[in-house]
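Q: I am new to this structure and would value a guided reading. Please begin with a close look at a single part, the lining of its interior space, and then connect that part to its surroundings.

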Amino acid sequence: MPILRVRVDGVTQGFPFSPDQPVRDVLDTTDLRVRSACHGLGACGLCRIRVLEGEAGEPTPNERYHLRGTELREGVRLACQVRPRGDLTIELLNPAPESGWKSLPFPLFRDGQGRPGSAVGLRVPSLALQRPLGLAVDVGTTHLSLALLDLRDGRWLAQRWGLNPQAVLGADVVTRLVAASASLDAAGELNRRVVEAIRDGLWDILCREGFEPVHVVRVELVGNSAMLALLIGEGYERLLQPAQWSAPLDHFSPPDTAAWIRTWGVHPEAEVEMNAPLAGFVGTDLLAGLIATRLVEGGHPALFIDFGTNSEIALWDGSVLWVTAAAGGPAFESSGISHGVPAEPGAVFRVTYDPGTDRFSYGIIGEVTAKGICGSGLVDLLAALRRSGRLTATGHLREGGKSTARFEFTAAGRVLAVTDRDVDALQRAKAAIAAGIRTLCAKAGVDPHTLQRVCIAGAFGHYLDVSNAQAIGLLPPVAPERVQLVGNTALTGCADLLLYDAAATALESLRATARVINLALSPDFDDLFLAGLYLQPLLSDPDE
């Protein structure tokens, strides 16, 4: 994969990109963005860069219009017009202000007909505007993801993701639910932070892409049950009661959406849609993911896992959809890990071990200094430590035949470490997932070995090495080619609901066939959880 190298203040950072991808789009996934106000059409002339090394192709007519001949001869170009096929080194001439919002660093899952970008079966906007726009929002525990779409033809115009600012009141859903239940002020603060964050993300898109907020006439929101309950300000107390975790959330409807509309600055008569979650901890993000992947359209057993702080699992047995939720905790997103960072430039995302030399190798996202290790890198590291004999199946770190509390390693010139507490955090997260998988398979009478399709959703899965995940018991033991890393299906499915009538029909069909299993009330959960703590393939007998 070619590398885009960006020189800033004498320091060069490198970022991998797909050939023929506009330089502007590559930069938008990083902290080094250029100014822009025309959706990358080359109409505003703001996104100026200087090409220092590499082949950038011939200037486009738009570049010749905005740039003088002397500038072109000096290597000045427009980032949105340059589509390199090989390595390129540039300098930013008109950098944009720093923003907490970035374009998604990985492609969204799109498959088949009637997906975003297709005009087949589109819902007709209720407001007759020349260019009606729709906003899809996935309210996650750690991140918020947004996509702006053209309601006339279903085209994706832009997407962003950023941190959920509720994290200051708790990294996990339970902590936030407790805070909201104990104080109306805290509940109001949790609500306000998300509403304002959606506004900030939307305006980052609108200002950067050159769209008017008044053209946004429909907003669709999905998310896990806790995030949606905190957003609407009702029902969150019930989610702290285990007996309610598999019960439908009654009276689930947005309160005063007019207040949200005023905050967001969209069209005064915009429609704001939020479907009720399936049950206590099974949200519309899972339902959206099932719509996006069309999991239930096949007659063979299929499994869907959306890894996250609140991990949701669905098993299709050919006629019934079995669903549950597991408290994965923030470990999958490397939150709470000693040197944990998101899966972005600077993250260790790949670890390999050579038994012949007893050496570890580390892959870094981008040509930048290592900042830490992301979720997929942590999975790889634990699998590599197991192969090297430095980590036992019970999660104890060893060095030189003796127990130790940490394993230090050097990646891209920086010393990082994984501790016994980090190992324990991932063990507990994966044990909850393993217990969920085995419980659903037992209820459905499905042998995990016979699963014909396993969909791994969420940002965590984008860089996941399937064989390493299976080696430590995170994924079921099926042929790797049956495993699909499908990315943020919640946002894709949310866009389906925003755009297509058929998606709403599919949603109701999913509700009708779903059976929710409350793991807290499952008599075998404790035994399955304990078995899942072992760092070895799922369904194996403990070997240590």
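**The cavity lining and its surroundings**

A: At least two residues of the lining of the largest cavity come from each of two elements, strand β7 (143-150) and helix α12 (489-499). The model is a predicted one, and every value below was computed from it. The count of cavities of 30 Å³ or more comes to 4, and the largest has a volume of about 350 Å³. Its lining is made up of 25 residues, and D138, G140, D306, F307 and E333 are the ones closest to its centre.

A second space may be set beside this one. The second largest pocket has a volume of about 440 Å³. Its lining consists of 23 residues, of which W245, F281, A325, A326 and A327 are the closest to the centre. Two elements, α4 (173-182) and β13 (321-326), give two or more residues each to this lining. Strand β13 provides the largest share, 3 residues.

F281 leads from this pocket to a loop. The C-alpha atoms of A247 and F281 are 9.2 Å apart, although 34 residues separate the two in sequence. A247 is placed in the loop between α6 (225-232) and α7 (257-264). Apart from its neighbours within four places in sequence, A247 has contacts with R238, A279 and G280.

Strand β13 leads in turn to a sheet. This is an open sheet of 6 strands, with the order β22-β21-β11-β12-β13-β23 and mixed pairing. Its edges are formed by β22 (483-487) and β23 (514-516), each of which pairs on one side only. From one strand to the next, the twist averages 20°. The pairing of β13 with β23 is parallel and rests on 3 bridges; within it, W322 has R515 of β23 as its bridge partner. Helix α8 (residues 284-293) packs on this sheet and touches β11 (302-306), β12 (311-316), β13, β21 (453-457) and β22. The direction of α8 makes an angle of about 45° with that of β12. Helix α13 (residues 501-513) lies across β12, β13 and β23, and its course is at about 50° to β23. Strand β13 is thus a link in this account: it supplies residues to the lining of the second largest pocket, and it is touched by α8.

Another sheet can be read in a similar manner. Its 3 strands form an open sheet in the order β15-β14-β16, with mixed pairing. Strands β15 (359-364) and β16 (372-373) stand at the edges with a single partner strand each, so one side of each has no neighbour in the sheet. Strand β14 (residues 347-354) runs antiparallel to β15, and 6 bridges join the two. With β16, in contrast, β14 pairs in the parallel sense, over 2 bridges.

Individual residues show how these pairings are arranged. V348 has I364 of β15 opposite it, and V348 also stands opposite I373 of β16. R350 has G363 as its bridge partner in β15. In a regular strand, side chains alternate between the two faces of the sheet. The hairpin of β14 and β15 has 4 residues between its strands, and D358 there takes a positive phi near 55°. Helix α9 (residues 375-388) lies across β14, β15 and β16, running at about 15° to β14.

Helix α5 (residues 184-209) completes the reading. This helix has 26 residues, and the distance from its first C-alpha to its last is 38 Å, close to the 38 Å expected at 1.5 Å a residue. In an α-helix there are 3.6 residues a turn, so residues three or four places apart point the same way. At the start of α5, S183 brings a side-chain oxygen to within 3.2 Å of the backbone nitrogen of D185. After α5 comes G210, which has a positive phi near 85°.

Conventions
Residues numbered from 1 in each chain as written. Predicted model: local features only at pLDDT ≥ 70, side-chain atom pairs only at ≥ 80, totals over all residues. Heavy atoms only, no water. Pairing = 2+ DSSP bridges. Contact = heavy atoms within 4.5 Å. Axes fitted to C-alpha atoms, helices over the stretch in contact; angles between N-to-C directions. Expected span 1.5 Å × (residues − 1). Polar contact = N/O pair within 3.5 Å; in protein donor to acceptor, adjacent residues only side chain to side chain. 1 Å grid on protein atoms, 1.4 Å probe; cavity = no way out; pocket = protein on both sides within 12 Å on 5 of 7 lines; lining within 4 Å. Points joined across faces, edges and corners; volume = space filled by probe spheres on them.
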